[in-house]
Amino acid sequence: MASLTVTDEQVGATKAKVIQPAWVRIMHWVNALAMILMILSGWQIYNASPLFGFTFPREYTLGGWLGGGLLWHFAAMWLLMINGLAYLVTGFATGRFRKKLFPITPSGVLHDVRAALTFKLGHDDLTVYNYVQRLLYAGIIVVGVLIVLTGLGMWKPVQLYYLVALFGDYPTARYIHFFCMAAICAFLVIHVLLALLVPKSLRAMIIGR
Amino acid sequence: MAKRSFLIPGVDKRLLIKDSIKTMPDVTRRRFIAGGASLGALTLLTGCDVIDSSSAEEMLKQVSKFNDAVQAFIFNPDALAPTFPESAITKPFPFNAYYDLDDAPDVDGKDWKLEVGGLVDNKKSWTLDELYKLPQVTQITRHICVEGWSAIGSWTGTPLRDFLKLIGADTRAKYVWFQCADKDGYNSPLDMRSALHPQTQMTFKYAGEILPRAYGFPMKIRVPTKLGFKNPKYVVSMEVTNDYKGGYWEDQGYNSFSGS
Ligand code: HEM
């Protein structure tokens with residue numbers, strides 16, 4: 001879609017290549033907003049009855065109190081789910097997942113991890129994801145699906161009892177939901193750091209090229 | 001019927017309180033949705049100030065109403081909450097309220113009467129002895145709190161739908177509205193379809209014993225298809241009505257349907 005806006009001149013001169021199509025960019029930033037809302041409201045909910053011996057600082061929670069946190073959580077979940085579903089459908093339908101995320105081979109991952117640790121991992125062609133990226137992106141999509149399924153199961157443990165049964169029982173679903181949040185937060189830190197280290201990748205996610 | 005002054009038989013009260021205190025909402029924190037600090041964090045993160053508190057509150061209220069409709073739509077009146085063996089019961093079953101255990105209503109079973117009102121044929125009040133004579137059933141189900149914790153308990157009592165039939169309630173009405181003896185006057189509306197659910201129960205016993213004070217003596221409404229706050233304790237009256245009369249927590253922002 002974005003390529004439609006490229007002028008002839010540009011095409012002729014630099015053969016500017018669209019790295020991230022418009023649908024990916026839009027859904028990426030909608031997801032980023034939805035995730036932040038879900039994390040901050042989720043921390044508020046967690047604080048009402050902590051699973052572990054710590055609570056999240058109040059400044060990093062959304063909603064003011066449990067009731068407000070729940071309202072945010074169950075409002076932003078629609079944004080997250082609709083956007084996420086659209087992303088999965090488009091990703092499969094356009095072949096983007098097949099082309100960009102697969103294959104993921106153990107030897108490829110090992111090779112790229114070693115290259116990354118010795119600062120030899122190149123980012124010359126941003127249209128091709130290296131194996132570390134592929135693994136992280138595919139992994140976080142799975143985590144995203146898991147957190148939505150455990151969340152829906154906890155939201156409707158009777159109507160959607162099969163979702164809860166899939167994960168064992170209600171308390172187990174709650175722990176899995178929490179660990180998925182932790183995984184998403186860890187991903188977020190690494191993801192943002194790496195994007196800042198390779199600014200042109202960030203530019204590509206904003207303006208497309 | 002003797003007055004019950006015990007809290008939970010066989011349970012060290014101090015232990016129980018210690019357990020429940022961490023799950024108790026902090027009253028001073030019960031500010032609505034848009035706490036300044038938290039929105040500040042969001043503004044910082046998004047770099048814009050579109051989410052000013054009053055329009056955010058309005059939006060969240062609308063979405064919550066939408067969520068009520070979604071939940072009513074997917075509610076299956078025949079879907080049963082999972083039941084458990086006796087060995088799965090959580091011990092001690094936690095006491096939880098917006099006040100301390102010592103402030104729990106101390107109802108005198110001899111004087112207590114269940115008042116019945118609204119769209120019903122027979123508005124007679126019921127004594128505890130009369131209610132105890134109704135057929136009772138037992139369920140072992142999971143109680144899920146809005147705070148996220150859950151516990152499995154055993155409740156015995158009369159299915160609410162049998163009682164509603166007995167008093168000639170208009171079951172086409174929208175709600176059964178319960179009022180309770182808790183301090184500050186607890187109340188909560190229950191939508192009719194949930195009220196008629198086979199597992200919704202007027203509970204008189206916990207774990208085979210007369211309902212202890214901590215769990216809502218003399219009568220609790222057990223609704224395993226709803227979050228805990230929609231399971232009122234210390235019930236004093238029920239009214240069958242088409243009006244949405246609000247509720248203690250519902251009015252403060254908990255989602256009104258809060259179904260499971
Ligand atoms: C469709 C998506 C989701 C749904 C339906 C959902 C639903 C829920 C529910 C029902 C609870 C328990 C609420 C309660 O205790 O009353 C919860 C808690 C929580 N959620 Fe979500 N959630 C979703 C996505 C997310 C995402 C994406 C995150 C973060 C990345 C997240 C983070 C949390 C956290 C941290 C908690 C508190 C954990 C606890 O103490 O139980 N959720 N969520």
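This passage describes a nonpolar surface patch on chain A and the pairing of a strand in chain B, both in a predicted model.

In chain A, six named residues, L136(A), V189(A), I190(A), L193(A), L194(A) and L197(A), form a nonpolar patch on the surface with an area of about 560 Å². Helix α8 of chain A, which spans residues 170-197, supplies the largest share of this patch, namely five residues. L197(A) is one of the residues of the patch and lies in helix α8 of chain A. The relative accessibility of L197(A) is 67%, and because exposed means over 50%, L197(A) is classed as exposed.

In chain B, strand β4 covers residues 150-159. Nine of its ten residues are buried, so strand β4 of chain B is largely enclosed by the rest of the structure. Buried here means under 20% relative accessible area.

β4(B) pairs with strand β3 of chain B (residues 137-144) in the antiparallel sense, over eight bridges. Within this pairing, H143(B) has A151(B) in β4(B) as its bridge partner. β3(B) and β4(B) form a hairpin with five residues between the strands. In this hairpin, G148(B) adopts a positive phi near 115°.

β4(B) also pairs with strand β7 of chain B, residues 201-206. This pairing is likewise in the antiparallel sense and is made over five bridges. Here G157(B) stands opposite T203(B), a residue of β7(B). Strand β4 of chain B thus has antiparallel pairings with β3(B) and with β7(B).

Conventions:
Residues numbered from 1 in each chain as written. Chains lettered and ligands numbered in written order. Predicted model: local features only at pLDDT ≥ 70, side-chain atom pairs only at ≥ 80, totals over all residues. Heavy atoms only, no water. Patch = residues over 30% accessible without salt bridge, like charges linked within 9 Å, V, L, I, M, F, W, Y side chains within 5 Å. Areas by Shrake-Rupley, 256 points an atom, 1.4 Å probe, with all protein chains shown as cover. Salt bridge = Lys/Arg side-chain N within 4 Å of Asp/Glu carboxyl O. Helix = DSSP H or I, 4+ residues; strand = E, 2+ residues; numbered from the N terminus. Buried < 20%, exposed > 50% of the residue type's maximum accessible area, 1.4 Å probe, protein only. Pairing = 2+ DSSP bridges.
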